[in-house]
Amino acid sequence: MTVVGAGTMGSQIALQTALSGRYDVTLVDTVPGQLQRARAQNKKLLDRSVEKQRVTSEQAGQAIERIEDSDDLARAVASADLVIEAVIENFDAKKSVFEDLGKHARRDAVLASNSSTIVVSRLADFTGRPERCCNMHFFHPVTVMQLCEVVRGPKTGDETVETAMEFVRSIGRTPVLLKKEIWGFIVNRVLFAASEEAMRLLDGGYAGAEDIDIAVQKGLNWPMGPFHLLDFSGLDVFYGAMQDRHSLGEGPEAPAVLRRLVEGGRLGRKTGKGFFDYD
Ligand SMILES: NC(=O)c1ccc[n+]([C@@H]2O[C@H](COP(=O)([O-])OP(=O)(O)OC[C@H]3O[C@@H](n4cnc5c(N)ncnc54)[C@H](O)[C@@H]3O)[C@@H](O)[C@H]2O)c1
């Protein structure tokens with residue numbers, strides 16, 4: 001199988017696949033130095049897993065060996081039976097990759113996008129075989145997070161869905177099927193709804209961020225409350241996704257409190273300040 005895009009997600013999807021011991025993986029990136037950075041990052045992740053005795057050093061070594069790097073998409077996809085695209089979240093970049101996949105991938109290969117917001121129906125026709133295309137939405141960090149949302153577009157074939165679901169199982173992850181594509185898929189729709197409600201309560205002065213988080217953590221058994229989760233993920237990422245959803249007519253504008261924080265440079269943990277302050 002082949003992964004296109006060796007950033008945060010692509011490198012980890014390749015690593016999780018290699019760790020299953022069942023596939024040889026080719027990882028493609030066109031930005032100079034990125035494949036080396038991905039390899040170094042994956043080695044670091046594996047070292048930690050060995051330390052924590054989640055994998056043996058032999059398994060770690062074999063996993064790294066199974067990932068071949070390539071800057072030549074045409075060659076890297078020529079014999080793959082599954083290609084997962086994980087390039088930057090930009091429509092034109094993904095469109096160009098899907099056009100190339102249509103030209104160079106095997107006719108029977110499954111062609112999947114890991115996009116969080118671009119549904120496969122916007123990309124599938126560029127391949128000339130939309131029945132072989134779907135979304136496969138993994139979560140960060142892939143080596144820890146169990147879930148992959150497999151999303152069926154209007155033209156996705158049954159066999160494509162079955163292959164994608166079976167692949168996810170085969171690399172030790174749990175697939176769920178979204179039978180009809182919809183912006184945000186399942187997890188982000190539920191998360192956004194809960195986060196927006198939490199921000200409405202905060203903005204209306206009904207409760208403080210700390211108490212809302214404690215209520216959700218202790219009352220719903222979430223591992224962390226919505227505000228800590230927003231700070232952890234990056235407020236700019238959430239804000240961008242909510243504005244994107246609005247521009248596509250799929251939901252309201254991002255809440256005012258979120259806009260104020262982002263405009264004030266409070267982006268969450270990465271800037272040391274978000275809904276909460278961090279050392
Ligand atoms: N980061 C997350 O938490 C997360 C979670 C789930 C899904 N996603 C989705 O995964 C995708 C990738 O996100 P990311 O966070 O890994 O991004 P990233 O910016 O870390 O990585 C993107 C990579 O794609 C490479 N790239 C760009 N154009 C390319 C091309 N034409 N051919 C080959 N490589 C190319 C870049 O060099 C970069 O290494 C996005 O669609 C995003 O929505 C991200």
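**Close-up views of salt bridges, a charged patch and backbone features**

**View 1. An intrahelical pair in helix α5.** E99 and K95 both belong to helix α5 (residues 91–104), where 4 residues, about one turn of the helix, separate them; helices (H or I, at least four residues) and strands (E, at least two) are DSSP runs, numbered from the N terminus. The model is predicted, so that local features need pLDDT of at least 70 and side-chain atom pairs count only at pLDDT 80 or more, whereas totals for chains, interfaces and linings use all residues. Residues are numbered from 1 along each chain as its sequence is written, and side-chain values use heavy atoms, with hydrogens and water left out. The side chains of E99 and K95 meet in a salt bridge with an N to O distance of 3.8 Å, a salt bridge being a side-chain nitrogen of Lys or Arg within 4 Å of a carboxyl oxygen of Asp or Glu. The structure holds 17 salt bridges. E99 counts as partly exposed because its relative accessibility is 29%, and K95 counts as partly exposed at 26%; buried means under 20% relative accessible area, exposed over 50%, and partly exposed in between (1.4 Å probe, protein chains only).

**View 2. A buried pair between helices α7 and α10.** The side chains of E196 and R245 form a salt bridge, with 2.4 Å from N to O. This pair links distant parts of the chain, since E196 lies in helix α7 (residues 187–203) and R245 in helix α10 (residues 235–247), 49 residues apart. E196 is buried, with a relative accessible area of 10%, and R245 is likewise buried, with a relative accessible area of 8%.

**View 3. A salt bridge from helix α10 to the segment after α11.** K270 forms a salt bridge with D236, and the closest N and O atoms are 2.8 Å apart. The two partners link distant parts of the chain, K270 being in the segment after α11 (256–263) and D236 in helix α10, 34 residues apart. K270 counts as exposed because its relative accessibility is 53%, whereas D236, at 28%, counts as partly exposed. Elsewhere, salt bridges that share partners join E85, E89 and K94 into one network.

**View 4. A surface patch of positive charge.** K44, R48, K52 and R54 gather in this patch on the surface. Patches are made of residues with over 30% relative accessible area and no salt bridge, like charges being joined within 9 Å. Within the patch, K52 is placed in the loop between α2 (34–51) and α3 (57–66), and K52 counts as exposed because its relative accessibility is 54%.

**View 5. A cis peptide bond at P141.** H140 and P141 are joined by a cis peptide bond, for which omega is about -10°. P141 has its place in the loop between β6 (133–138) and β7 (147–151).

**View 6. Positive phi at F185 and N221.** F185, a residue other than glycine, has a positive phi near 55° and is placed in the loop between β8 (174–178) and α7. The phi of N221 is also positive, near 65°, again in a residue other than glycine, and the place of N221 is in the loop between α8 (209–220) and α9 (226–233). The surroundings of these residues are given by their accessibility: F185 counts as buried because its relative accessibility is 1%, while N221 is exposed, with a relative accessible area of 69%.

How values were computed
Patches are made of residues with over 30% relative accessible area and no salt bridge: like charges are joined within 9 Å, nonpolar side chains (Val, Leu, Ile, Met, Phe, Trp, Tyr) within 5 Å. Accessible areas come from the Shrake-Rupley method with a 1.4 Å probe; for residues, only the protein chains shown count as cover. Lys and Arg count as positive and Asp and Glu as negative; His and the chain ends are not counted. The place of a charge is taken as NZ of Lys, CZ of Arg, CG of Asp or CD of Glu.
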